[in-house]
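Hello, and thanks for sharing this one. Here are my notes, as numbered points you can follow with the viewer open.

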Amino acid sequence: MSLLGLAACGGNSPEETGPFAGVSGPEVVNKALTRTNGVKSLRIGLDMTTSDGRVEADFATSLGGDCTGTMTMGGTGTMEVRKTGGTVYTKLDEALLREQSKGEPKADVDAAVELIAGRWMESKASDPDTADSIEFCDLKVLLEEFEAMDNAARKEGPTTVAGKPALRLTEKDGKETFTIDVSAEDEPYILRLTARGGEEPMTMDLSDFDVPVVVEKPAAKDIVDLEQ
């Protein structure tokens with residue numbers, strides 16, 4: 001998994017207690033990767049800094065392809081996405097529309113904002129122009145990041161994530177440090193991944209494992225007819 005750098009040495013604390021006592025750091029991470037990879041749905045929250053700016057996302061997504069969530073790009077505006085079957089509904093706020101329309105004539109931008117801002121647009125999931133908006137809807141691809149592998153995670157001790165008890169593990173890859181928080185109750189899901197010290201620092205939170213994803217189709221009156 002690219003998010004879990006390969007370095008350092010696995011380790012245990014001889015005084016530790018709990019479900020992972022006596023289990024090495026690499027074994028804990030592989031158990032967590034395998035369990036997380038086996039879910040049929042989950043919720044993912046992402047906060048990442050990229051070369052194009054900050055990206056924030058919060059999506060509930062399923063192996064069936066249905067998803068619902070929001071995405072903020074560059075901190076300038078928000079897009080809401082709903083995907084059900086082969087149909088995608090997207091809604092952009094005024095701030096994002098104006099950011100994406102920079103350089104265009106003001107009259108054209110104002111007209112687009114009046115027509116589209118705050119209203120749903122309907123498209124096909126197979127439309128190439130839709131790909132970027134539904135990247136968090138492909139759970140199969142997302143789960144490929146959570147395949148068990150050789151790793152060298154070190155146990156750092158107990159922590160909490162969203163109020164849930166967890167075990168924190170770390171790995172280093174050059175200047176970059178990866179932190180993996182694994183649930184210490186019920187199933188050993190990965191609850192949080194962080195990367196610091198690299199070119200794209202990020203925090204990824206995972207929750208709602210195997211909770212069905214329910215997508216509500218927007219009301220017809222709230223969908224703008226772009227053909228007209």
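Where do R98 and E94 lie, and how many residues apart are they? Both are in helix α2 (residues 94-100), four residues apart, which is about one turn of the helix. The points below begin with the overall picture and then come back to this pair.

1. **Overall picture.** Please keep in mind that this is a predicted model. The protein chain contains four helices and 11 strands. Its C-alpha trace spans about 70 × 35 × 30 Å along the principal axes. Of the 228 residues in the protein chain, 42% are buried.

2. **The pair in α2.** Back to R98 and E94: their side chains meet in a salt bridge, with an N to O distance of 2.9 Å. An α-helix has 3.6 residues a turn, so residues three or four places apart point the same way. That fits the spacing of R98 and E94, four residues apart in α2. Neither partner is buried: R98 is partly exposed with a relative accessible area of 33%, and E94 is partly exposed at 40%.

3. **A second pair, in α3.** D110 and K106 also form a salt bridge, here with 2.6 Å from N to O. They are four residues apart in helix α3, so about one helical turn separates them. The two partners fall into separate accessibility classes: D110 is partly exposed, because its relative accessibility is 26%, while K106 has a relative accessible area of 62% and is therefore exposed.

4. **Joining the two pairs.** It is worth selecting these four residues together in your viewer. E94, R98, K106 and D110 are linked in a network of salt bridges. The network thus takes in R98 and E94 from α2 as well as D110 and K106 from α3.

5. **The two sides of α3.** Which residues of helix α3 are buried? In this helix (residues 106-116) they are V109, V113 and I116. Seen down the axis of α3, these buried residues fall within an arc of 90°, so they line one face of the helix. The face turned away from that buried side carries the exposed residues A107 and E114.

6. **A salt bridge between strands.** The structure holds 13 salt bridges, and one of them joins K91 to E80, whose closest N and O atoms are 3.7 Å apart. This pair links distant parts of the chain: K91 is in strand β5 (residues 87-92) and E80 in strand β4 (residues 78-84), 11 residues apart. Are these partners buried or partly exposed? K91 is partly exposed, with a relative accessible area of 22%. E80 is partly exposed too, at 23%. Since buried means under 20%, a reader who moves that cut-off may wish to look again at K91 with its 22% and E80 with its 23%.

7. **A negative patch.** D138, E144, E145 and E147 form a negative surface patch. Among them, E144 sits in the loop between α4 (139-143) and β7 (154-161). With 45% relative accessibility, E144 counts as partly exposed.

8. **Backbone angles to look at.** Most residues other than glycine have a negative phi. D186 has a positive phi of about 55° although it is not a glycine. D186 lies in the loop between β9 (176-183) and β10 (190-196), and its 77% relative accessibility makes it exposed. D208 also has a positive phi, near 50°. D208 is found in the segment after β11 (202-207) and is partly exposed, with a relative accessible area of 36%.

9. **A distance to check.** How far apart are S51 and M149 in sequence and in space? They are 98 residues apart in sequence, and their C-alpha atoms are 28 Å apart in space. S51 lies in the loop between β1 (41-50) and β2 (53-62). At 71% relative accessibility, S51 counts as exposed.

Note on methods:
Residues numbered from 1 in each chain as written. Predicted model: local features only at pLDDT ≥ 70, side-chain atom pairs only at ≥ 80, totals over all residues. Heavy atoms only, no water. Patch = residues over 30% accessible without salt bridge, like charges linked within 9 Å, V, L, I, M, F, W, Y side chains within 5 Å. Areas by Shrake-Rupley, 256 points an atom, 1.4 Å probe, with all protein chains shown as cover. Lys, Arg positive; Asp, Glu negative; His and termini not counted. Charge placed at Lys NZ, Arg CZ, Asp CG, Glu CD. Helix = DSSP H or I, 4+ residues; strand = E, 2+ residues; numbered from the N terminus. Buried < 20%, exposed > 50% of the residue type's maximum accessible area, 1.4 Å probe, protein only. Arc of directions from axis to C-beta.
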